[in-house]
Amino acid sequence: MPELPEVQAHAERLTASFAGRRLQRFVPLTFTALKTVAPRPDDAYGLPLERVGRRGKYLLLEFPPVTFVVHLMQGGRLHVDAKQSAKPRGGQARFVFEPTDDDPTPPALLLTEQGSERRAGVWCVPTGSALTSPPLDSLGPDADTLGGDELAELLAAAPSTRIHGWLRDQHRVAGVGRMLANEICHRAKISPFAMSRKLGDGGAAAIAAAMAEAIADGLAVEREREAMSSSKERPSRVHHRTGEPCPVCGDTIRAVEYSSHTVNYCPTCQTGGKVLADNTTSKFLK
Ligand SMILES: [Zn+2]
């Protein structure tokens with residue numbers, strides 16, 4: 001799933017290529033692509049795209065007074081669509097722009113979603129209240145804005161849970177997914193299974209610093225690209241690196257598998273050398 005750095009760099013790319021273009025029409029390609037009834041997409045027709053913003057892992061296509069909020073979920077992508085074929089593979093919705101004298105056949109933007117989950121979608125909301133309307137109203141603060149003190153307050157205010165899961169809960173902090181959670185815990189030298197309310201101010205400061213670094217590094221790489229990276233293309237120290245040596249200490253990167261994701265960690269850096277039970281392996285041993 002694209003996380004904060006990928007979505008942020010993509011928003012910047014789309015702003016550079018599409019700002020100023022006027023929306024001709026919004027075309028849902030499936031019955032589930034548009035999640036809202038009012039305002040109607042038609043209210044943005046003829047209006048110029050001011051910019052593409054980002055909140056958490058959402059893209060915001062701003063045609064004031066109307067904003068389209070796009071969530072890519074797991075396999076969704078918002079592609080520059082030059083061909084505009086009638087039945088694009090995985091097509092969910094298309095933003096078609098008005099031709100101009102300089103560009104008589106402008107590209108569209110096509111929301112696709114591969115796989116069977118069909119959870120990517122578009123919310124059409126008033127620009128002025130976009131951040132306080134669903135789906136953005138329930139998000140925690142953006143991960144790239146959090147200092148140690150604010151993170152300590154957030155950790156203290158929420159029920160205690162494993163920090164890896166806490167970081168991925170978009171209601172707590174917005175923009176972190178499976179990869180960043182692995183990378184942040186490793187950089188902070190904190191166990192992904194540490195309880196969130198036991199980290200204290202020192203733990204919060206370490207997590208906040210690691211979060212800022214991991215996001216900045218991801219952004220620097222992603223900004224060099226012409227299109228959004230796939231998960232395997234993103235540089236990582238522990239994520240997707242089970243069995244490889246830790247780049248910090250040389251110990252072997254370990255994994256704990258869940259149905260939806262894998263937690264990767266370095267025992268020497270993060271758990272005092274302790275190797276945690278890998279529930280996939282132990283399942284086979286039973
Ligand atoms: Zn290590």
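This note sets out numbered points on the predicted model shown above.

1. **Overall composition.** The protein chain of this predicted model contains seven helices and ten strands. Along the principal axes, its C-alpha atoms occupy a box of roughly 65 × 35 × 35 Å. The radius of gyration is 21 Å, which agrees with the value near 19 Å that a compact globule of 286 residues would have.

2. **Burial and contacts.** Of the 286 residues in the protein chain, 49% are buried. When contacts between residues at least 6 apart in sequence are considered, 64% of them join residues at least 24 apart.

3. **Surface and charge.** The protein chain exposes an accessible surface of about 13600 Å², and carbon and sulfur atoms account for 52% of that area. Its side chains include 35 positive and 33 negative ones; the centres of these two sets are 8 Å apart.

4. **Helix H2.** The two sides of H2, residues 148–157, deserve separate description. Leu151, Ala152 and Leu155 are buried. These buried residues lie on the same side of H2 because they cover an arc of only 105 degrees around the axis. The general background is that an α-helix has 3.6 residues a turn, so residues three or four places apart point the same way. On the other side of H2, the exposed residues are Asp149, Glu153 and Ala157. The packing partners of the buried residues are helix H3 (163–168) and helix H5 (200–222).

5. **Helix H4.** H4 is mostly covered, with ten of its eleven residues buried. The helix spans residues 178–188, and its buried residues run through Met179, Leu180, Ala181, Asn182, Glu183, Ile184, Cys185, His186, Arg187 and Ala188. The buried set thus includes charged side-chain types such as Glu183 and Arg187. Among the elements that cover these residues are helix H1 (4–18), H3, H5, strand S10 (262–265) and H6. H3 and H5 therefore recur here, having also been named as packing against the buried residues of H2.6. **Lys189, after H4.** Which residue follows H4 with a positive phi? The residue is Lys189, whose phi is about 55 degrees although it is not a glycine. By way of background, most residues other than glycine have a negative phi. Lys189 is found in the loop between H4 and H5. With a relative accessible area of 47%, Lys189 is partly exposed.

7. **Gln270 in helix H6.** Gln270 belongs to helix H6, residues 267–270. Is Gln270 buried or exposed? Its relative accessible area is 6%, under the 20% limit, so Gln270 counts as buried. Beyond its neighbours within four places in sequence, Gln270 is in contact with Cys185, His186, Lys189, Ile190, Ser191, Pro192 and Tyr265. Two of these, Cys185 and His186, are buried residues of H4, and H6 is named among the elements covering that helix. Lys189, with its positive phi, is also in contact with Gln270. By contrast, the C-alpha atoms of Gln270 and Phe31 are separated by 46 Å, the two residues being 239 apart along the chain.

8. **Arg40.** Arg40 is placed in the loop between strand S1 (23–28) and strand S2 (51–55). Its relative accessibility is 49%, and Arg40 counts as partly exposed. The C-alpha atoms of Arg40 and Val66 are 8.7 Å apart in space, while the two residues are 26 apart in sequence. Val66 belongs to strand S4 (66–71).

9. **Cis peptide bonds.** Most peptide bonds are trans. In this model, the bond from Pro64 to Pro65 is cis, with omega near 10 degrees. Pro65 lies in the loop between strand S3 (58–63) and S4. The bond from Pro134 to Pro135 is likewise cis, with omega near 5 degrees. Pro135 lies in the loop between strand S8 (121–126) and H2.

10. **Gln84.** Gln84 is not a glycine, yet has a positive phi of about 50 degrees. Its place is in the loop between strand S5 (76–81) and strand S6 (91–97). At 28% relative accessibility, Gln84 counts as partly exposed.

How values were computed:
Residues numbered from 1 in each chain as written. Predicted model: local features only at pLDDT ≥ 70, side-chain atom pairs only at ≥ 80, totals over all residues. Heavy atoms only, no water. Helix = DSSP H or I, 4+ residues; strand = E, 2+ residues; numbered from the N terminus. Rg over C-alpha atoms; globule rule 2.2 N^0.38 Å. Buried < 20%, exposed > 50% of the residue type's maximum accessible area, 1.4 Å probe, protein only. Contact = heavy atoms within 4.5 Å. Areas by Shrake-Rupley, 256 points an atom, 1.4 Å probe, with all protein chains shown as cover. Charge placed at Lys NZ, Arg CZ, Asp CG, Glu CD. Arc of directions from axis to C-beta.
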